[in-house]
Amino acid sequence: MGQPHEELVGVPAHQLSILSRMGLSALGPESHLPPADLLIDALIGYSLTGAPRQPISRLIDAANAAGVPILALDMPSGLDGDRRVRQDPCISAASTLTLALPKIGLLQRSAMAAVGELFLADISVPAVVYDRIGLRVADIFARDDVVALR
C-alpha cells in the first residue's frame with residue numbers, strides 16, 4: 001500500500017477492512033516482501049499519470065526482484081493504459097487479468113513484457129453499458145467468466 005494504513009479513507013480503507021475480515025494483511029509502504037509463490041499487483045489502477053513515485057516505485061522494484069510470478073490486476077502497475085506508455089518502474093507480470101474490456105495499452109507489442117499472458121474477466125457490466133458505446137460483447141463470456149486473449 002502506498003500510505004500508512006491509518007491514513008487510508010474511502011474505498012482504500014473499505015478494501016483494507018475487507019482484507020482484514022478475511023484474515024489477510026496488506027503490506028505498508030515500508031514493508032519488505034515476505035516469501036511467496038505468487039505476487040498480486042494491484043498497486044496502481046487504470047488511472048496512472050506519469051511514472052510511479054515513492055513508495056509505490058519501491059514496491060514495484062521489490063516485486064520485480066522477488067523472483068516469483070506476478071499476476072497484475074487490470075493493468076500492470078507502471079503501464080499507462082491510455083497513452084500506451086510503459087513507465088519506469090513497471091511491473092513485469094507473468095499474467096494480467098484485465099476487467100470488463102482490454103485497455104488499449106495492454107494490446108501494444110511494446111507492453112508484452114509488462115503484461116505477460118493476458119486474460120479478460122467478466123465483472124458483470126450490464127449489456128446496456130456496452131450498447132451505449134456501440135460495442136457488442138454479449139458472446140465474449142458465453143463459455144466462461146475468464147477468457148484468454150493471448
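Helices in this report are DSSP runs of H or I with at least four residues, strands are DSSP runs of E with at least two, and both are numbered from the N terminus. The structure described here is a predicted model. With these terms in place, leucine 43 can be located in the loop between β1 and α2.

**The sheet**

The strands β1, β2, β5, β6 and β7 form an open sheet of five strands, arranged in the order β1-β2-β5-β6-β7, and the pairing within this sheet is mixed. Its edge strands are β1, residues 39-41, and β7, residues 146-148, each of which pairs on one side only. Direction ignored, neighbouring strands of the sheet are turned by 25° against each other on average.

Two of the pairings can be followed residue by residue. Strand β2, which covers residues 70-73, pairs with strand β5, residues 95-99, in the parallel sense over three bridges, and leucine 71 stands opposite serine 95 in β5. On to the next pair: β5 and strand β6, residues 117-121, are also joined in the parallel sense, over five bridges, and here threonine 96 stands opposite leucine 118 in β6. As a general point for reading such a sheet, the side chains of a regular strand alternate between its two faces.

**A nonpolar patch on the surface**

Leu38, Ile40 and Leu73 together make a nonpolar surface patch of about 260 Å². One of these residues, leucine 73, lies in strand β2, and it counts as partly exposed because its relative accessibility is 32%, which falls between the limits of 20% and 50%.

**Leucine 43 and the loop after β1**

Leucine 43, in the loop between β1 and α2, is likewise partly exposed, with a relative accessibility of 30%. Its C-alpha atom is separated by 8.4 Å from that of leucine 59, a residue that is 16 residues away along the chain. The loop between β1 and α2, the latter covering residues 56-65, also holds proline 55.

**A salt bridge between two loops**

How many salt bridges does a search of the whole structure find? The search finds one, and it is formed by aspartate 74 with lysine 103, whose closest N and O atoms are 2.7 Å apart. Aspartate 74 lies in the loop between β2 and β3 and lysine 103 in the loop between β5 and α3, so the pair ties together parts that are 29 residues apart in sequence.

Are the two partners of this salt bridge buried or exposed? Both aspartate 74 and lysine 103 are buried; buried means under 20% relative accessible area, and lysine 103 is at 12%, while aspartate 74 is at 13%. Lysine 103 has further polar neighbours, since its side chain makes a polar contact of 3.2 Å with the side chain of threonine 98. In addition, the backbone oxygen of leucine 99 lies 2.7 Å from a polar atom of the side chain of lysine 103.

The accessibility values of residues named in this report are gathered below.

| Residue | Relative accessibility | Class |
|---|---|---|
| Leucine 73 | 32% | partly exposed |
| Leucine 43 | 30% | partly exposed |
| Aspartate 74 | 13% | buried |
| Alanine 100 | 13% | buried |
| Lysine 103 | 12% | buried |

**Backbone features in the loops**

Most residues other than glycine have a negative phi, and most peptide bonds are trans. Against that background, several places in the loops deserve a careful look. Aspartate 74, the partner of lysine 103 in the salt bridge, is not a glycine and yet has a positive phi of about 70°; its place is in the loop between β2 and β3, the latter covering residues 79-80. Alanine 100, which is not a glycine either, has a positive phi of about 75°, and this residue is found in the loop between β5 and α3, where lysine 103 lies as well.

Which residues are joined by cis peptide bonds? One such bond joins glutamine 54 and proline 55, with omega at about 0°. Another runs from aspartate 88 to proline 89, with omega near 5°, and proline 89 lies in the loop between β4, residues 85-86, and β5.

Key
Residues numbered from 1 in each chain as written. Predicted model: local features only at pLDDT ≥ 70, side-chain atom pairs only at ≥ 80, totals over all residues. Heavy atoms only, no water. Pairing = 2+ DSSP bridges. Axes fitted to C-alpha atoms, helices over the stretch in contact; angles between N-to-C directions. Patch = residues over 30% accessible without salt bridge, like charges linked within 9 Å, V, L, I, M, F, W, Y side chains within 5 Å. Areas by Shrake-Rupley, 256 points an atom, 1.4 Å probe, with all protein chains shown as cover. Salt bridge = Lys/Arg side-chain N within 4 Å of Asp/Glu carboxyl O. Buried < 20%, exposed > 50% of the residue type's maximum accessible area, 1.4 Å probe, protein only. Polar contact = N/O pair within 3.5 Å; in protein donor to acceptor, adjacent residues only side chain to side chain.
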